[in-house]
Amino acid sequence: MLKQISIFAENQKGVMQKITGILQREDINILGSVTNDSAEYGIIRMVVSDADKAVEALTEENFICKLTNVLGIEVKDEVGNLNNLLLSFLESNINIDYLYLSFNRETGRPIMVIHVDDIMEVEACLRGKGFISL
C-alpha cells in the first residue's frame, strides 16, 4: 500500500512550479502524479518519496493537502498487461475510482497507482491472481 498526497490548488500560472519547488527544497522525489483541473481549482495527486514530510511542507505554504492510501500494482511492460489487470478488476466486480502511472525505480517496470474503496480486499484479490502490489 502506498500513501498518496492530494493537493488542492488554484488553477493559476506558476502554482504547479511552486509545489514542485517546495518538494525540491525538501528533497522529496515525485514518483508518480496526475492532475485533474476545473476552471478555478485542481487536484494534484502524487506519490512521493516522503508523503508525511511533503504534506507538512506544503501545508506550511498554505496548500490544502490530504493523505490517502492507494495500491501500487506492478505490471510487466508488455502489450495488454494493463488490460489484463483491468479485466481482473472487472471479473472480481471491483470499481476503480481512478488510476495513473508510475515506475518502479529498481525494476524499471510500470506501476499502476490505483484508488479503490477497500484496498485490503482488493490487494488480496489481485495477489491471488498473480499481480504484485507494493
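Against which elements do the buried residues of α3 pack? In this predicted model, the buried residues of α3 pack against the strands β4 (64-74) and β6 (110-115) and against the helix α4 (119-128). The legends below take this helix first and then turn to other close-up views.

**View 1. Helix α3, which spans residues 81-91, with its buried and exposed residues.** Asn 81, Leu 85, Ser 88 and Phe 89 are the residues to look for on the buried side, since each of them is buried in this helix. Seen down the axis of α3, these buried residues fall within an arc of 100 degrees, so they line one face of the helix. As a general point, an α-helix has 3.6 residues a turn, so residues three or four places apart point the same way. On the other side of α3 lie Asn 83, Leu 90 and Glu 91, which are exposed. The helix is followed by Asn 93, a residue whose phi is positive, near 60 degrees.

**View 2. The largest nonpolar core, a set of 18 residues.** Among these residues, Ile 5, Ile 7, Ile 19, Leu 23, Val 48, Leu 58 and Phe 63 touch the most other members. Two or more residues of this core come from each of β1 (2-10), α1 (15-25), β3 (41-48) and α2 (51-60), and the largest share, five residues, is given by α2. To follow one member outward, begin at Leu 23, which, leaving aside its neighbours within four places in sequence, is in contact with Ile 28, Ile 30, Met 46, Val 48, Ala 54 and Leu 58. A second, separate core has 13 residues, including Ile 73, Val 75, Met 112 and Ile 114. In soluble globular proteins, nonpolar side chains tend to be buried together.

**View 3. Helix α2 and the elements that cover its buried residues.** Within α2, the residues Ala 51, Ala 54, Val 55, Ala 57 and Leu 58 are buried. What covers them includes the strands β1, β3 and β4 as well as the helix α1. Asn 62 follows α2, and its phi is positive, near 70 degrees.

**View 4. Two buried residues of strand β4, Thr 68 and Glu 74.** Thr 68 has its place in strand β4, and because its relative accessibility is 14%, Thr 68 counts as buried. Leaving aside its neighbours within four places in sequence, Thr 68 is in contact with Leu 2, Lys 3, Gln 4, Ser 6 and His 115. Glu 74 is also found in strand β4, and because its relative accessibility is 8%, Glu 74 counts as buried. With neighbours within four places in sequence again left aside, the contacts of Glu 74 are Asn 104, Thr 107, Arg 109, Pro 110, Ile 111 and Ile 132. Glu 74 and Val 122 are 48 residues apart in sequence, while their C-alpha atoms are 14 Å apart in space.

**View 5. Arg 45 over the face of Tyr 98.** In this close-up, Arg 45 lies over the face of the Tyr 98 ring, at 3.9 Å from the ring centre. A search of the whole structure for aromatic pairs finds zero of them.

**View 6. The annotated region, residues 4-78.** An unreviewed UniProt entry carries the annotation "domain: ACT" for residues 4-78. Over these residues the chain is 28% helix and 45% strand, and the C-alpha atoms at the two ends are 26 Å apart.

Note on methods: Residues numbered from 1 in each chain as written. Predicted model: local features only at pLDDT ≥ 70, side-chain atom pairs only at ≥ 80, totals over all residues. Heavy atoms only, no water. Core = buried A, V, L, I, M, F, W, Y, C linked by side-chain atoms within 4.5 Å. Buried < 20%, exposed > 50% of the residue type's maximum accessible area, 1.4 Å probe, protein only. Helix = DSSP H or I, 4+ residues; strand = E, 2+ residues; numbered from the N terminus. Contact = heavy atoms within 4.5 Å. Arc of directions from axis to C-beta. Phe/Tyr/Trp six-rings, centres within 6.5 Å; stacked < 30°, edge-to-face > 60°. Lys NZ or Arg CZ within 6 Å of the ring centre and 35° of its normal. UniProt positions renumbered as here; feature names shortened; annotations may be inferred.
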